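Reader: I would like to go through this model with you, beginning with how the chains relate. Please look at the structure first.

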There are 2 protein chains.
Amino acid sequence: MPWRDGTGPPWWHGKMKGCGYRLTVPRHAILDVLSQTKEHLSAEDIYLAVHKVYPAIGLTTVYRTLELLVQTGMVFKFDFGDGRARYELSEGPQSIGHHHHLVCTGCGRIIDYTDFIDEEIELLRKTEKGLSKKYNFKITNHLIQFHGLCGKCN
Amino acid sequence: MPWRDGTGPPWWHGKMKGCGYRLTVPRHAILDVLSQTKEHLSAEDIYLAVHKVYPAIGLTTVYRTLELLVQTGMVFKFDFGDGRARYELSEGPQSIGHHHHLVCTGCGRIIDYTDFIDEEIELLRKTEKGLSKKYNFKITNHLIQFHGLCGKCN
DNA sequence: ACTTTAATTGAAAATGATTATCATTAACAA
DNA sequence: TTGTTAATGATAATCATTTTCAATTAAAGT
């Protein structure tokens, strides 16, 4: 498993070790795939991509690793309504940054957007603060999606 | 199938007929269940509730009817991450009104909230307008969820 | 009210994503 | 290098949701 740029260990190295997890070949491979795409990959998409380089890695391991990464907050899991979950790296040098999704209910296309993020962040901050206090609810994450029809479908 | 208050047909009567759908007993029963709860019911929850009154109504019909209601916009379908979809009446006399959800990742509890809705609506309106134009995307619906730990779980 | 006709239904089987099992393998601390 | 234990992968199991298809029924027209 090569380092990403030859100058040192991948950025997730510390994160994994810090959480007490072993750095295995499958985990490297899966994180590599996630960090080198801007797509919204399903578990099987990731399995197929990983499989090209390491045919021995099984789908089960992909699912297990993804769950682990979601638990540790390194990966976000999304449901776009088509019956299979999608995964995105949540942060790090290769990630796209904070964004949300437009989901086309016609063709299933997903559009990332970052517009109005500043105002949105401000409202979210205020909302999170208020809700945390009112409901004694510790917020760790939020999800925003707009559903509708994309250019091709309307 | 009784009218809801004895003064006329249920509010959804016109909606169904208007869309060219037949008013059948199963559809009445399912809409009745949805309009008489504030819970976030799964398809099986609805099936069980309906089954008490009409044991002949099958789970398949519940799924089919829910899909129909989602398509026509009478019902919202949610995914709270536990592998089964939840359904809520989207409008009408009995509905709770516009709200969003706090999802506890510890115990799965769902809390409805309506706080900050005005400011949120304003931002959403602006965002929807901007996104519609920029991406030529016709927005029909939006989804907002906060994930975290509820009072019992933290 | 009775017929007609296509929409709707329900039981059973199929699907498909995800998870559990369990013997084998490999990471890494000592 | 070795021992301990987490991690893996092939297979089978699970479980929500769909599909199939023959039987039923809403409702429009007699």
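Author: Chain A is superposed on chain B by a rotation of 180° with 0.0 Å of shift along its axis, at an RMSD of 0.0 Å; the fit is by least squares on the C-alpha atoms of residues with pLDDT of at least 70 in both copies. That is the relation of a two-fold axis. This is a predicted model, in which local features need pLDDT of at least 70 and side-chain atom pairs count only at pLDDT 80 or more, while totals for chains, interfaces and linings use all residues. Residues are numbered from 1 along each chain as its sequence is written, chains are lettered from A and ligands numbered from 1 in the order in which they are written, and side-chain values use heavy atoms, without hydrogens and water.

Reader: Which C-alpha of chain A is nearest the axis?

Author: That of A:Ile144, at 2.3 Å from the axis. The same surface serves both copies, since 100% of the contact residues of chain A recur in chain B; contact means heavy atoms within 4.5 Å.

Reader: Turning to helix H4 of chain A, what length does it reach?

Author: H4(A) covers residues 59-71, and its 13 residues reach 19 Å from first C-alpha to last, close to the 18 Å expected at 1.5 Å a residue. That expected span is 1.5 Å times one less than the number of residues. Helices (H or I, at least four residues) and strands (E, at least two) are DSSP runs, numbered from the N terminus.

Reader: Which of its residues are buried?

Author: A:Val62, A:Thr65, A:Leu66, A:Leu68 and A:Leu69 are buried in H4(A), where buried means under 20% relative accessible area, exposed over 50% and partly exposed in between (1.4 Å probe, protein chains only). Seen down the axis, they fall within an arc of 160°, so they line one face of the helix; the arc is that of the directions from the helix axis to the C-beta atoms.

Reader: What do they pack against?

Author: Their partners in chain A include helix H1 (12-18), helix H2 (25-35) and strand E2 (75-79). The face turned away carries the exposed residues A:Arg64, A:Glu67 and A:Gln71.

Reader: How many aromatic pairs are there over all chains?

Author: Six. Rings of Phe, Tyr and Trp (its six-membered ring) pair if their centres lie within 6.5 Å, and planes under 30 degrees apart count as stacked, over 60 as edge-to-face and the rest as tilted. A:Phe76 and A:Phe78 are an edge-to-face pair, 6.3 Å centre to centre with 75° between the planes.
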